[in-house]
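Got the viewer open and a selection box ready? Let's take a walk through this one, stop by stop.

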Amino acid sequence: MASRDIDIPLPDLKGKRAVLTGGSDGIGLRIARRLAAAGAEIVLPVRNPTKGEAAVAEITQATPSAEVTTRVLDLSSLDSVAALGETMRAEGTPIHLLINNAGVMTPPERQTTSDGFELQFGTNHLAHVALVAQLLPLLRAGSARVTSQISIAADQGGINWDDLQWQRSYDGMRAYSQSKIAFGLFGLELDRRSAAHGWGISSNLSHPGVAPTSLLSARPEVGRSSDTVQVKVIRWLSARGLIVGTPESASLPALYAAASSDAQPRHLYGPKGFRHLGGAPAEQELYSRLRSEKDAARMWTISQELTGVRFPED
């Protein structure tokens, strides 16, 4: 079956509130469209209000009855994460699904967030850690499922424990892999901590495989002035239904992990095709880098120290 023909059913999500980062384009927008069509109320925290409103228009055009709104969120700023948390806690509406999908990939030169963290580690990992902490009361109120989008890059490289911010030597791909390994360790530890302390939420992981998205395209905001060779090859393969997925098929693992009654806590879901690059979503064996509970606990502690958030331990 070609990737463009792959689909999965979703349960009725009426009465459920779903919060999705990175939902204004690419894979995230496909996820948002499907959740809205299944009846969920969608909240899209976005950095660019214009793109956010365009996403809302596209979703409501496809599903006129959709409830979808945007909020302001810049994941390169912990102050912005805290402000969103304050806003949503003031609203007081329980959250039933949180999909941590947004990310940046391989800036050619080392960049930092407004808080001084290496951009990929700060955006892909630390900001989402802070977001979960900020939203935890609402996640608990909704007995939420938290799905964190990692990457096949988490199956290579490792954690640069002695230089987490890549200040001594920057390698964009290694830093990207680290950010996704760290985020995967956090997602697994979140479920362990919830079970241990009775938070009532569950947490699992997904990855989209490989598909043509904006991650490797020209992105002036990360210092990339033109499309990479990789994304050109990915587009060529995807258009011909070869090896890799489409943005639609790449959205399915996160949808399955977040919404399917068959998806389990502390599991990883991704495409089941060749080398997990494309295909229908299925459970996958945890990457070797994600199996150490000691590493996960260490990353949990470090992440709280760096972000200044605190998860309850009573």
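Start by selecting Ser80 and whatever surrounds it: leaving aside residues up to four places away in sequence, Ser80 touches Val72, Leu73 and Asp74, where contact means heavy atoms within 4.5 Å. Ser80 is found in helix 3; helices are DSSP runs of H or I with at least four residues, strands are runs of E with at least two, and both are numbered from the N terminus. With a relative accessible area of 13%, Ser80 is buried (buried is under 20% relative accessible area, exposed is over 50%, partly exposed is in between, using a 1.4 Å probe and protein chains only).

Some housekeeping before moving on. This is a predicted model, in which local features need pLDDT of at least 70 and side-chain atom pairs count only at pLDDT 80 or more, while totals for chains, interfaces and linings use all residues. Residues are numbered from 1 along each chain as its sequence is written, and side-chain values use heavy atoms, with hydrogens and water left out.

**Zoom out**

Switch to cartoon. The protein has nine helices and eight strands. Buried residues make up 57% of its 314 residues. Take the contacts with a separation of 6 or more: 74% of them come from residues 24 or more positions apart.

**The sheet**

Now show the strands alone. You get an open sheet of eight strands in the order 3-2-1-4-5-6-7-8, with mixed pairing; two strands pair if DSSP finds at least two bridges between them. Select 67-72 and 281-284 for the edges: strand 3 and strand 8 each pair on one side only. On average, neighbouring strands are turned by 25° against each other, direction ignored. Angles run from 0 to 180 degrees between N-to-C directions, and axes are lines fitted to C-alpha atoms, for helices over the stretch in contact.

Bring helix 3 (78-91) back. Helix 3 lies across strand 1 (17-20), strand 2 (41-46) and strand 3, and runs at about 135° to strand 3.

**Strand 5**

Next, select 145-149. How many of the five residues of strand 5 are buried? Five of the five, so strand 5 is largely enclosed by the rest of the structure. In a regular strand, side chains alternate between the two faces of the sheet. Turn on sticks here: Arg145, Thr147 and Gln149 point one way, Val146 and Ser148 the other.

Strand 5 has a partner on either side to look at. Strand 4 (residues 97-100) pairs with strand 5 in the parallel sense over four bridges, and Ser148 is the bridge partner of Asn100. Five bridges join strand 5 to strand 6 (residues 202-206), also running parallel, with Val146 opposite Ser203.

**Two backbone oddities**

Select Trp166, in the loop between strand 5 and helix 5. Its phi is near 55°, a positive value in a residue other than glycine. Is Trp166 buried or exposed? At 1% relative accessibility, Trp166 counts as buried.

Then jump to Arg266, in the loop between helix 8 (252-259) and strand 7 (268-271). Arg266 is not a glycine either, yet has a positive phi of about 60°. At 33% relative accessibility, Arg266 counts as partly exposed.

**Last stop: helix 9**

Select 293-307. The 15 residues of helix 9 should span 21 Å at 1.5 Å a residue, and the end C-alpha atoms are 21 Å apart, which agrees (the expected span is 1.5 Å times one less than the number of residues). Buried residues here are Ala296, Met299, Trp300, Ile302, Ser303, Gln304 and Thr307, and they pack against helix 3, helix 4 (119-141) and helix 5.

Add helix 5 (residues 172-197): its axis and that of helix 9 come within 8 Å and cross at roughly 95°. That makes the two helices roughly perpendicular (65 to 115 degrees; under 35 is roughly parallel, over 145 roughly antiparallel, and the rest oblique). Residues making the contact include Leu185, Phe186 and Arg193 of helix 5 and Asp295, Met299 and Trp300 of helix 9. By class, the contact has eight nonpolar, no polar and five charged residues. Ala, Val, Leu, Ile, Met, Phe, Trp, Tyr, Cys and Pro count as nonpolar, Asp, Glu, Lys and Arg as charged, and the others, Gly among them, as polar.

Swap in helix 4: its axis and that of helix 9 come within 10 Å and cross at roughly 90°. Among the contact residues are Phe121 and His125 of helix 4 and Ser303 and Leu306 of helix 9. This contact has six nonpolar, three polar and no charged residues.

Finish on Gly308, which follows helix 9 and has a positive phi near 80°.
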